[in-house]
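Me: I am new to this structure and would like a careful look at one part of it, set against the whole. Please take your time and keep the answer connected.

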Amino acid sequence: MCNSEYFLRHVRRDAGVLCTLDQNGRWKQHLFSKPDEACALVETYKETRNIFVTMGTLKAEATSRTEDDIESFCGFFVDLDCHGKEGEYRDIAEANAALKDFCSNAALPKPSYLVSSGRGIHAHWTFADPIPLAQWQPVAEQLKALCGAYGLKADPTVTAD
């Protein structure tokens, strides 16, 4: 089992979308039904493309990665960008320190996973059983509000999206 598959089995279940961005700036969506299929795509594109994976599990009839196609989630997540731009962190070390302070101050557990995106970090809090989108959304909105209240520079479009 590759690292990508191990990670995907813990942050989501079953069907999803893996998006790749080629050198010409074109997006391509790749539907997959199991994490091992996504892992094969990651292995194919990891050296030549940026890769993004939906965190929500898709409904069986889904054809894209819109909110209407999401069935459930297996965790919550934040994206901390480190480009050094206004509203972002200077580097990974600063983002990690801010995340640690955020968890402590907001009385949240340490994230289950930290993923280096190359230009930042993604923090994931996972749970064993998926919860439906309708139950996940209000809690994700609360996490987004906590980020703002405690000054964590999380990308607001990712946390509750």
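How much surface does the protein chain expose, and what share of it do carbon and sulfur atoms supply? After that, please look closely at strand β7 and its surroundings.

Reply: This is a predicted model, and in it the protein chain exposes about 9200 Å², of which carbon and sulfur atoms supply 50%. As a setting for the closer look, the protein chain holds five helices and seven strands, and from the N terminus on these elements follow the order α-β-β-α-β-β-β-α-β-β-α-α. The C-alpha atoms fill a box of roughly 40 × 35 × 30 Å along the principal axes, and the radius of gyration of 16 Å agrees with a compact globule, because a chain of 161 residues would then be expected near 15 Å. Buried residues make up 41% of the 161 residues, and, among contacts with a separation of 6 or more, 60% join residues that are 24 or more positions apart.

Turning to the part you asked about, strand β7 covers residues 120-132 and pairs with strand β6, residues 113-116, in the antiparallel sense over four bridges. Within this pairing, valine 115 stands opposite histidine 122 of β7. The hairpin that β6 and β7 form has three residues between the strands, and glycine 118 takes a positive phi near 95 degrees there.

Further along, histidine 124 also lies in strand β7, and its relative accessible area of 5% is under the 20% limit, so histidine 124 counts as buried. Leaving aside residues up to four places away in sequence, histidine 124 touches a set of residues that includes Tyr113 and Val115, together with Phe7, Val11, Met55, Phe76 and Phe77. Both Tyr113 and Val115 fall within the residue range of β6, while Phe76 and Phe77 fall within that of strand β5, residues 70-81.

Strand β5 also contains phenylalanine 73, which counts as buried because its relative accessibility is 4%. With residues up to four places away again left out, phenylalanine 73 touches Phe127, Asp129, Pro130 and Ile131, among others, and these four positions belong to the stretch 120-132 of strand β7. Met55 is one of the residues touched by phenylalanine 73, and Met55 is also among those touched by histidine 124. By contrast, glutamine 142 is 69 residues from phenylalanine 73 in sequence and 15 Å from it in space, C-alpha to C-alpha.

Methods:
Residues are numbered from 1 along each chain as its sequence is written. This is a predicted model: local features need pLDDT of at least 70, side-chain atom pairs count only at pLDDT 80 or more; totals for chains, interfaces and linings use all residues. Side-chain values use heavy atoms; hydrogens and water are left out. Helices (H or I, at least four residues) and strands (E, at least two) are DSSP runs, numbered from the N terminus. The radius of gyration is taken over C-alpha atoms; the globule rule is 2.2 Å times the number of residues to the power 0.38. Buried means under 20% relative accessible area, exposed over 50%, partly exposed in between (1.4 Å probe, protein chains only). Contact means heavy atoms within 4.5 Å. Accessible areas come from the Shrake-Rupley method with a 1.4 Å probe; for residues, only the protein chains shown count as cover. Two strands pair if DSSP finds at least two bridges between them.
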